[in-house]
Amino acid sequence: MVCWSGMGAAICKLSVKLSRQVKRRSSGCKYTCHPECRERVSLDCHPGGPVAVDTPLRQDHLNNNTPAIDVEQERELRTHLSREEIRQKVELYNSSSKDHLKMTLNPSGVYTGFIKVQLELRRPVTVRGGQGGEAFYLPQGAINTLHISSNNTVRQVIQALLTKFTVADNPAKYALYKRCCRDEQEYMCKLSEGEHPLFLRLLAGPNTDMLGFVLREQQTGEVMWDAFSIPELSNFLRMLEKEETERVCSVTRRYDNYRLKLQEAMRAAGGPG
(Lines give C-alpha, C1' and ligand atoms only; values in the text may rest on other atoms or scores of the structure.)
Protein backbone atom coordinates (compact mmCIF):
# COMPACT_ATOMS: atom_id res chain seq x y z
CA MET A 1 0.00 0.00 0.00
CA VAL A 2 1.19 3.50 -0.81
CA CYS A 3 1.67 5.67 2.27
CA TRP A 4 2.03 9.45 2.52
CA SER A 5 3.13 10.94 5.82
CA GLY A 6 0.67 13.87 5.69
CA MET A 7 -2.31 11.74 4.67
CA GLY A 8 -1.38 8.97 7.07
CA ALA A 9 -1.16 11.39 9.98
CA ALA A 10 -4.48 12.95 9.01
CA ILE A 11 -6.24 9.57 8.79
CA CYS A 12 -4.71 8.53 12.11
CA LYS A 13 -5.90 11.70 13.84
CA LEU A 14 -9.36 11.44 12.30
CA SER A 15 -9.68 7.79 13.30
CA VAL A 16 -8.75 8.63 16.88
CA LYS A 17 -11.27 11.44 16.88
CA LEU A 18 -14.04 9.21 15.53
CA SER A 19 -13.33 6.61 18.18
CA ARG A 20 -13.97 9.09 20.99
CA GLN A 21 -17.41 9.50 22.47
CA VAL A 22 -18.84 13.02 22.30
CA LYS A 23 -19.14 14.36 25.84
CA ARG A 24 -20.03 18.05 25.67
CA ARG A 25 -22.00 19.88 22.94
CA SER A 26 -23.24 23.47 22.98
CA SER A 27 -27.00 23.71 22.44
CA GLY A 28 -26.56 26.96 20.51
CA CYS A 29 -23.80 26.52 17.92
CA LYS A 30 -23.29 22.72 18.39
CA TYR A 31 -19.60 23.25 19.20
CA THR A 32 -18.18 20.00 20.63
CA CYS A 33 -15.29 19.64 23.05
CA HIS A 34 -13.90 17.27 25.67
CA PRO A 35 -15.11 17.66 29.27
CA GLU A 36 -11.62 18.59 30.46
CA CYS A 37 -11.44 21.37 27.84
CA ARG A 38 -14.81 22.93 28.65
CA GLU A 39 -13.45 25.57 31.07
CA ARG A 40 -10.92 26.76 28.48
CA VAL A 41 -13.50 27.30 25.72
CA SER A 42 -15.30 30.64 25.41
CA LEU A 43 -18.20 30.73 22.95
CA ASP A 44 -20.52 33.47 21.82
CA CYS A 45 -23.26 31.39 20.23
CA HIS A 46 -26.84 32.39 19.65
CA PRO A 47 -29.35 29.58 20.42
CA GLY A 48 -32.02 31.42 18.48
CA GLY A 49 -30.43 30.40 15.17
CA PRO A 50 -28.34 32.11 12.49
CA VAL A 51 -28.83 35.72 11.56
CA ALA A 52 -30.61 36.59 8.32
CA VAL A 53 -28.31 37.69 5.52
CA ASP A 54 -30.57 39.93 3.46
CA THR A 55 -30.99 42.47 6.26
CA PRO A 56 -28.39 44.21 8.46
CA LEU A 57 -27.30 42.03 11.37
CA ARG A 58 -27.98 42.74 15.00
CA GLN A 59 -25.87 44.62 17.59
CA ASP A 60 -22.39 43.15 18.04
CA HIS A 61 -21.41 40.85 20.92
CA LEU A 62 -17.70 40.56 21.53
CA ASN A 63 -16.15 37.20 22.25
CA ASN A 64 -14.18 37.02 25.49
CA ASN A 65 -11.13 35.79 23.61
CA THR A 66 -11.07 38.68 21.12
CA PRO A 67 -7.70 40.49 21.05
CA ALA A 68 -8.28 43.89 22.56
CA ILE A 69 -5.67 46.00 20.73
CA ASP A 70 -7.24 46.36 17.27
CA VAL A 71 -10.74 46.54 18.70
CA GLU A 72 -9.80 49.29 21.15
CA GLN A 73 -8.00 51.27 18.43
CA GLU A 74 -11.01 51.04 16.15
CA ARG A 75 -13.39 51.92 18.97
CA GLU A 76 -11.28 54.96 19.87
CA LEU A 77 -11.37 56.15 16.27
CA ARG A 78 -15.10 55.60 16.07
CA THR A 79 -15.73 57.62 19.23
CA HIS A 80 -13.67 60.50 17.82
CA LEU A 81 -15.89 60.67 14.74
CA SER A 82 -18.89 62.87 15.38
CA ARG A 83 -22.23 62.21 13.73
CA GLU A 84 -21.53 65.10 11.36
CA GLU A 85 -18.16 63.61 10.39
CA ILE A 86 -19.81 60.26 9.75
CA ARG A 87 -22.46 61.98 7.61
CA GLN A 88 -19.75 63.69 5.56
CA LYS A 89 -17.83 60.44 5.09
CA VAL A 90 -21.00 58.62 4.01
CA GLU A 91 -21.76 61.37 1.46
CA LEU A 92 -18.17 61.28 0.18
CA TYR A 93 -18.34 57.49 -0.05
CA ASN A 94 -21.59 57.56 -2.04
CA SER A 95 -20.31 60.25 -4.39
CA SER A 96 -17.17 58.17 -5.07
CA SER A 97 -19.05 54.89 -5.55
CA LYS A 98 -19.43 53.83 -9.16
CA ASP A 99 -22.13 51.23 -8.55
CA HIS A 100 -25.46 51.02 -6.74
CA LEU A 101 -23.89 49.76 -3.49
CA LYS A 102 -24.39 52.95 -1.50
CA MET A 103 -24.38 53.55 2.25
CA THR A 104 -27.40 54.84 4.16
CA LEU A 105 -27.12 56.85 7.38
CA ASN A 106 -30.00 56.34 9.82
CA PRO A 107 -31.23 59.01 12.28
CA SER A 108 -29.76 56.96 15.13
CA GLY A 109 -26.25 57.42 13.70
CA VAL A 110 -26.00 53.78 12.59
CA TYR A 111 -25.30 53.40 8.89
CA THR A 112 -25.85 50.45 6.60
CA GLY A 113 -24.10 49.42 3.41
CA PHE A 114 -22.51 46.62 1.44
CA ILE A 115 -19.19 44.81 1.59
CA LYS A 116 -17.75 42.31 -0.86
CA VAL A 117 -15.97 39.25 0.51
CA GLN A 118 -13.76 36.99 -1.58
CA LEU A 119 -13.72 33.27 -0.72
CA GLU A 120 -10.31 31.61 -0.50
CA LEU A 121 -11.10 28.28 1.15
CA ARG A 122 -8.76 25.36 0.56
CA ARG A 123 -10.75 22.69 2.40
CA PRO A 124 -14.28 21.42 1.66
CA VAL A 125 -17.21 22.74 3.67
CA THR A 126 -20.17 20.83 5.06
CA VAL A 127 -23.45 22.00 3.55
CA ARG A 128 -26.81 21.63 5.28
CA GLY A 129 -29.20 19.17 3.70
CA GLY A 130 -28.89 15.50 3.14
CA GLN A 131 -28.14 12.87 5.73
CA GLY A 132 -25.37 14.09 8.01
CA GLY A 133 -24.53 16.93 5.61
CA GLU A 134 -22.37 16.77 2.49
CA ALA A 135 -18.86 18.13 1.89
CA PHE A 136 -18.26 20.43 -1.08
CA TYR A 137 -15.54 22.75 -2.32
CA LEU A 138 -16.74 26.34 -2.69
CA PRO A 139 -15.47 28.03 -5.87
CA GLN A 140 -12.06 29.61 -5.33
CA GLY A 141 -12.03 33.38 -5.70
CA ALA A 142 -15.82 33.74 -5.70
CA ILE A 143 -16.94 37.16 -4.46
CA ASN A 144 -20.07 37.53 -2.35
CA THR A 145 -21.85 40.74 -1.38
CA LEU A 146 -23.35 41.24 2.08
CA HIS A 147 -25.66 43.98 3.35
CA ILE A 148 -24.61 44.85 6.91
CA SER A 149 -24.68 47.69 9.41
CA SER A 150 -21.92 49.65 11.14
CA ASN A 151 -22.63 47.71 14.35
CA ASN A 152 -21.93 44.31 12.84
CA THR A 153 -18.70 42.60 13.83
CA VAL A 154 -16.33 40.33 11.94
CA ARG A 155 -17.75 37.34 13.81
CA GLN A 156 -21.28 38.15 12.64
CA VAL A 157 -20.11 38.71 9.05
CA ILE A 158 -18.50 35.24 9.02
CA GLN A 159 -21.70 33.73 10.39
CA ALA A 160 -23.77 35.56 7.75
CA LEU A 161 -21.51 34.27 4.95
CA LEU A 162 -21.78 30.69 6.16
CA THR A 163 -25.55 31.06 6.45
CA LYS A 164 -25.80 32.42 2.92
CA PHE A 165 -24.04 29.35 1.56
CA THR A 166 -25.94 27.02 3.97
CA VAL A 167 -22.60 25.95 5.46
CA ALA A 168 -23.02 23.98 8.68
CA ASP A 169 -19.41 24.31 9.86
CA ASN A 170 -18.48 26.06 13.09
CA PRO A 171 -17.72 29.76 12.38
CA ALA A 172 -14.71 29.48 14.71
CA LYS A 173 -12.92 27.54 11.95
CA TYR A 174 -12.84 30.62 9.71
CA ALA A 175 -11.27 34.07 9.79
CA LEU A 176 -11.87 37.32 7.92
CA TYR A 177 -8.84 39.11 6.47
CA LYS A 178 -8.43 42.57 5.04
CA ARG A 179 -6.33 42.94 1.90
CA CYS A 180 -4.65 46.33 1.50
CA CYS A 181 -2.47 47.79 -1.23
CA ARG A 182 0.31 50.18 -0.25
CA ASP A 183 3.23 51.36 -2.40
CA GLU A 184 2.36 48.73 -5.03
CA GLN A 185 2.63 46.04 -2.35
CA GLU A 186 -0.26 43.85 -1.23
CA TYR A 187 -0.73 43.16 2.49
CA MET A 188 -3.01 40.64 4.16
CA CYS A 189 -4.05 41.18 7.78
CA LYS A 190 -6.35 39.06 9.92
CA LEU A 191 -9.19 41.00 11.54
CA SER A 192 -10.13 40.40 15.15
CA GLU A 193 -13.65 39.16 15.81
CA GLY A 194 -14.77 42.44 17.36
CA GLU A 195 -13.80 44.76 14.49
CA HIS A 196 -16.45 46.37 12.28
CA PRO A 197 -15.94 45.72 8.54
CA LEU A 198 -18.36 48.41 7.34
CA PHE A 199 -16.48 51.06 9.32
CA LEU A 200 -13.23 49.96 7.65
CA ARG A 201 -15.02 50.11 4.29
CA LEU A 202 -16.21 53.65 5.03
CA LEU A 203 -12.70 54.85 5.93
CA ALA A 204 -11.07 53.23 2.89
CA GLY A 205 -13.74 54.31 0.40
CA PRO A 206 -15.47 52.16 -2.21
CA ASN A 207 -12.30 51.21 -4.13
CA THR A 208 -11.82 47.48 -3.53
CA ASP A 209 -8.24 47.73 -4.80
CA MET A 210 -7.42 49.81 -1.73
CA LEU A 211 -9.24 47.53 0.72
CA GLY A 212 -10.78 44.11 0.22
CA PHE A 213 -12.13 41.40 2.50
CA VAL A 214 -11.16 37.73 2.23
CA LEU A 215 -12.62 34.70 4.01
CA ARG A 216 -10.09 31.97 4.83
CA GLU A 217 -9.63 29.07 7.18
CA GLN A 218 -8.02 29.81 10.53
CA GLN A 219 -4.23 29.64 10.25
CA THR A 220 -3.34 27.78 13.44
CA GLY A 221 -0.41 25.74 12.11
CA GLU A 222 -2.31 22.54 12.95
CA VAL A 223 -5.81 21.45 12.06
CA MET A 224 -8.24 21.90 14.97
CA TRP A 225 -9.92 18.49 14.68
CA ASP A 226 -12.06 19.09 17.76
CA ALA A 227 -13.85 21.90 15.92
CA PHE A 228 -15.28 19.40 13.39
CA SER A 229 -18.41 17.33 13.91
CA ILE A 230 -18.52 13.54 13.53
CA PRO A 231 -20.29 13.68 10.11
CA GLU A 232 -17.66 16.16 8.87
CA LEU A 233 -14.82 13.93 9.98
CA SER A 234 -16.51 10.93 8.36
CA ASN A 235 -16.72 12.87 5.09
CA PHE A 236 -13.02 13.74 5.33
CA LEU A 237 -12.14 10.08 5.89
CA ARG A 238 -14.15 9.04 2.86
CA MET A 239 -12.44 11.67 0.72
CA LEU A 240 -8.98 10.64 1.95
CA GLU A 241 -9.74 6.98 1.28
CA LYS A 242 -10.97 7.83 -2.23
CA GLU A 243 -7.82 9.83 -2.96
CA GLU A 244 -5.66 7.01 -1.62
CA THR A 245 -7.43 4.44 -3.79
CA GLU A 246 -7.05 6.62 -6.88
CA ARG A 247 -3.35 7.16 -6.17
CA VAL A 248 -2.74 3.42 -5.63
CA CYS A 249 -4.51 2.62 -8.91
CA SER A 250 -2.46 5.25 -10.74
CA VAL A 251 0.84 3.85 -9.42
CA THR A 252 -0.24 0.28 -10.20
CA ARG A 253 -1.14 1.18 -13.79
CA ARG A 254 2.17 2.97 -14.29
CA TYR A 255 4.23 -0.02 -13.12
CA ASP A 256 2.09 -2.42 -15.15
CA ASN A 257 2.98 -0.37 -18.23
CA TYR A 258 6.67 -0.48 -17.27
CA ARG A 259 6.49 -4.26 -16.88
CA LEU A 260 4.90 -4.70 -20.32
CA LYS A 261 7.51 -2.49 -21.98
CA LEU A 262 10.36 -4.38 -20.28
CA GLN A 263 8.93 -7.72 -21.36
CA GLU A 264 8.56 -6.48 -24.94
CA ALA A 265 12.15 -5.22 -24.94
CA MET A 266 13.44 -8.54 -23.58
CA ARG A 267 11.52 -10.51 -26.23
CA ALA A 268 12.88 -8.27 -28.96
CA ALA A 269 16.42 -8.85 -27.68
CA GLY A 270 15.91 -12.62 -27.65
CA GLY A 271 16.09 -12.94 -23.90
CA PRO A 272 13.76 -14.92 -21.59
CA GLY A 273 10.21 -13.62 -21.87
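Begin by selecting Cys189 and looking at its sulfur: the closest cysteine sulfur belongs to Cys180 and lies 7.2 Å away, which is too far for a bond. Keep in mind throughout that this is a predicted model. Since a disulfide needs two cysteine sulfur atoms within 2.5 Å, the distance of 7.2 Å from Cys180 to Cys189 rules out a bond here, and a search of the whole structure likewise finds zero disulfides. While both residues are selected, compare their surroundings: Cys180 is buried, with a relative accessible area of 15%, whereas Cys189 counts as partly exposed at 34%.

Next, turn to the nonpolar core. Select Tyr111, Ile115, Tyr174, Leu176, Phe213 and Leu215, which are the residues with the most contacts inside the largest nonpolar core, a set of 33 residues. Several elements give two or more residues to this core, among them helix 3 (83-96), strand 4 (111-119), strand 8 (174-182) and strand 10 (211-217), but helix 4 gives the most, with six residues.

Which residues is Ile115 in contact with, once its neighbours within four places in sequence are left aside? Show the side chains around Ile115 and you will find Asn144, Thr145, Leu146, Ile148, Val157, Pro197, Leu198, Arg201 and Phe213.

From there, select Val127, which is placed in strand 5 (residues 125-127) and counts as buried at 15% relative accessibility. If you also select Tyr137, you will see two residues that are 10 apart in sequence and, from C-alpha to C-alpha, 9.9 Å apart in space.

Now pick Arg216 together with Tyr177, where the arginine lies over the face of the tyrosine, at 5.6 Å from the ring centre.

Finish with helix 6, residues 230-268, which has 39 residues and reaches 57 Å from its first C-alpha to its last, close to the 57 Å expected at 1.5 Å a residue. Colour its buried residues, which are Glu232, Leu233, Asn235, Phe236, Leu237, Leu240 and Glu244, and then move along the helix to Tyr255 and Tyr258, which form an edge-to-face aromatic pair, with 5.7 Å from centre to centre and 85° between the planes. Because these two tyrosines are three residues apart in helix 6, they are separated by about one helical turn. Tyr255 is partly exposed at 47% relative accessibility, and Tyr258 is also partly exposed, at 43%. As a last stop, select Gly270, which follows helix 6 and has a positive phi, near 85°.

Conventions
Residues numbered from 1 in each chain as written. Predicted model: local features only at pLDDT ≥ 70, side-chain atom pairs only at ≥ 80, totals over all residues. Heavy atoms only, no water. Helix = DSSP H or I, 4+ residues; strand = E, 2+ residues; numbered from the N terminus. Buried < 20%, exposed > 50% of the residue type's maximum accessible area, 1.4 Å probe, protein only. Expected span 1.5 Å × (residues − 1). Core = buried A, V, L, I, M, F, W, Y, C linked by side-chain atoms within 4.5 Å. Contact = heavy atoms within 4.5 Å. Phe/Tyr/Trp six-rings, centres within 6.5 Å; stacked < 30°, edge-to-face > 60°. Lys NZ or Arg CZ within 6 Å of the ring centre and 35° of its normal.
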